[in-house]
Amino acid sequence: MKSILKRSAGAVLAILAAAACNNARVSGTIEGAGNMQIEVNLLNINKFQAVDTISTDAAGNFSCKLEVSKGNPEFYYFCRNGRRLASVLVDAGDRIELKADTLGNFSLSGSEEAELYSSVESDYRAFTADMNALVAKLESDSENYAANSKALTARYVQYYRDRIRFVMEHSHSIAVVPVFYQKAGQLPLFSQQTDALRFREVSDSLLLSYPESRYVKALRSEAEARMNALDLSAKLSTAEAVNFPDIVLPDLKGEKRKLSETDAKVVLLHFWSNSVPEQRQMNIELLKPLYQMYYGRGLDIYQVCLDADKGGWAATVRSQNLPWVNVCDIDASASRYATLYRVDRVPMTFIISNGELLDVKIEDVNQLLNLLDKLLK
């Protein structure tokens with residue numbers, strides 16, 4: 001009986017120890033925030049998720065436990081009425097001391113990774129403040145527009161180069177992930193095509209240390225999309241000139257089909273997703289009648305399915321007996337062709353007439369019919 005009790009006690013202690021490893025604690029003081037409610041938000045890829053509300057005492061002191069699993073650091077944000085007071089990167093077992101005020105200034109100790117991320121936030125706040133001041137000066141001082149514009153550009157370039165150096169020097173730290181998504185106003189900081197190489201190199205490094213992190217997986221997905229776009233750009237620069245971006249993807253038989261080889265007076269380029277029932281129905285209710293009505297007058301369709309489920313796409317095309325060119329891009333939302341054509345939603349339709357991509361957005365069926373009647377007289 002004693003041995004069983006010992007084993008049971010040992011099991012309980014092991015469970016408690018495991019549970020202790022799945023949290024971190026942040027304690028400290030928020031100056032000027034006595035007896036206040038503070039919101040705690042978790043970064044969930046590209047949005048914030050409210051996870052807790054904590055209370056400070058009369059002096060602004062607080063202490064809270066944050067959930068985090070070992071090897072999967074999380075980004076937490078302390079806010080007051082929607083205004084960010086402090087940003088904290090925590091890993092399981094961390095014990096972090098935080099000092100902040102109600103203006104967004106903060107410092108912390110207790111974790112090298114948290115301190116590194118704190119410097120990221122501090123540098124970004126300084127850069128944003130400088131850029132705002134320079135933009136205001138540019139708009140108000142017309143007599144010195146050229147000099148002010150030069151100063152604005154110089155500050156941007158200086159920060160961009162500094163961030164490149166930072167992410168490469170700390171490529172094994174998850175603290176660099178938010179740097180890749182920073183902006184200068186509305187312009188992404190890493191907006192150059194060649195930045196794809198930095199996304200890939202850093203994401204490759206981080207995957208070794210944090211293979212299960214959702215932040216690293218998202219960065220890796222972005223890296224792949226950017227590398228696809230960069231690769232396509234390189235191919236297009238050496239390809240035979242055409243008046244629209246070419247697409248080369250496999251059809252049902254696995255044969256590569258080029259958009260540029262679709263021999264018709266007018267080509268309807270249609271991006272869709274087989275995973276959406278309404279878009280499968282669209283093939284029957286709209287595209288098939290359209291094809292039957294205009295094929296004899298010089299219309300053809302090149303249809304691109306953006307879906308990772310290639311088998312599901314193939315089954316739909318076969319069961320619906322679709323007679324036009326059907327191809328599938330299993331990169332789905334990361335498709336380099338979708339990026340090239342700026343497809344931000346599906347379905348999306350483009351018209352190529354006599355080898356020219358028309359600068360027109362197809363908003364509804366009537367507009368499409370009117371356009372085809374005009375082009376296929």
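**Exercise 1. Overall form**

What radius of gyration does the protein have, and what would a compact globule of 377 residues have? Work this out, then add the overall dimensions and the share of buried residues.

*Solution.* Keep in mind that this is a predicted model.
- Step 1: a compact globule of 377 residues would have a radius of gyration near 21 Å, but the protein has 27 Å.
- Step 2: along its principal axes, the C-alpha trace spans about 85 × 80 × 40 Å.
- Step 3: buried residues account for 43% of the 377 residues. The accessible surface comes to about 20300 Å², and carbon and sulfur atoms hold 51% of it.
- Step 4: among contacts between residues at least 6 apart in sequence, 62% join residues at least 24 apart.

**Exercise 2. Where to trust the coordinates**

Find the mean pLDDT, then name stretches that call for caution.

*Solution.*
- Step 1: the mean pLDDT of the protein is 88, with 92% of its residues reaching 70 or more.
- Step 2: over residues 1-7 the pLDDT is below 50, and this stretch has 0 contacts in the model beyond near neighbours in sequence. Residues 12-20 likewise have pLDDT below 50 and 0 contacts beyond near neighbours in sequence.
- Step 3: where pLDDT is low, predicted coordinates should not be read in detail.

**Exercise 3. The sheet with four strands**

Give the strand order of the open sheet that contains S2, and say which strands stand at its edges.

*Solution.* The protein has 9 helices and 17 strands, so let us pick out the ones we need.
- Step 1: the order is S3-S2-S5-S6, and the pairing is antiparallel.
- Step 2: strand S3 (47-55) and strand S6 (83-90) each have a single partner strand, so one side of each is left without a neighbour in the sheet.
- Step 3: on average, neighbouring strands here are turned by 25° against each other, direction ignored.
- Step 4: look at one pair in detail. Strand S2 (residues 37-44) is joined to S3 by 8 bridges, and Leu43 stands opposite Phe48 in S3.
- Step 5: now add a helix. Helix H2 (residues 112-140) lies across strand S5 (74-80) and S6, and runs at about 145° to S6.

**Exercise 4. The sheet with five strands**

Trace the open sheet that runs from S15 to S17, and place helices H7 and H9 on it.

*Solution.*
- Step 1: the order is S15-S14-S13-S16-S17, with mixed pairing.
- Step 2: the edges are strand S15 (325-329) and strand S17 (356-357); each has a single partner strand, so one side of each lacks a neighbour in the sheet.
- Step 3: strand S16 (residues 348-353) pairs with S17 in the antiparallel sense over 2 bridges. Ile352 has Leu357 in S17 as its bridge partner.
- Step 4: helix H7 (residues 310-320) packs on the sheet, touching strand S13 (266-272), strand S14 (299-306) and S15, and its direction makes about 165° with that of S15.
- Step 5: helix H9 (residues 365-375) also packs on this sheet, touching S13, S14 and S16, and its direction makes about 10° with that of S16.

**Exercise 5. One residue in a loop**

Is Ala334 buried or exposed? Describe its surroundings too.

*Solution.*
- Step 1: Ala334 sits in the loop between S15 and helix H8 (336-340).
- Step 2: its relative accessibility is 14%, and buried means under 20%, so Ala334 counts as buried.
- Step 3: leaving aside neighbours within four places in sequence, Ala334 is in contact with Ala225 and Asn228.
- Step 4: for a distance across the model, take Tyr156, 178 residues from Ala334 along the chain; the C-alpha atoms of these two residues are separated by 28 Å.

Methods. Residues numbered from 1 in each chain as written. Predicted model: local features only at pLDDT ≥ 70, side-chain atom pairs only at ≥ 80, totals over all residues. Heavy atoms only, no water. Pairing = 2+ DSSP bridges. Axes fitted to C-alpha atoms, helices over the stretch in contact; angles between N-to-C directions. Contact = heavy atoms within 4.5 Å. Rg over C-alpha atoms; globule rule 2.2 N^0.38 Å. Buried < 20%, exposed > 50% of the residue type's maximum accessible area, 1.4 Å probe, protein only. Areas by Shrake-Rupley, 256 points an atom, 1.4 Å probe, with all protein chains shown as cover. pLDDT = per-residue confidence, 0-100.
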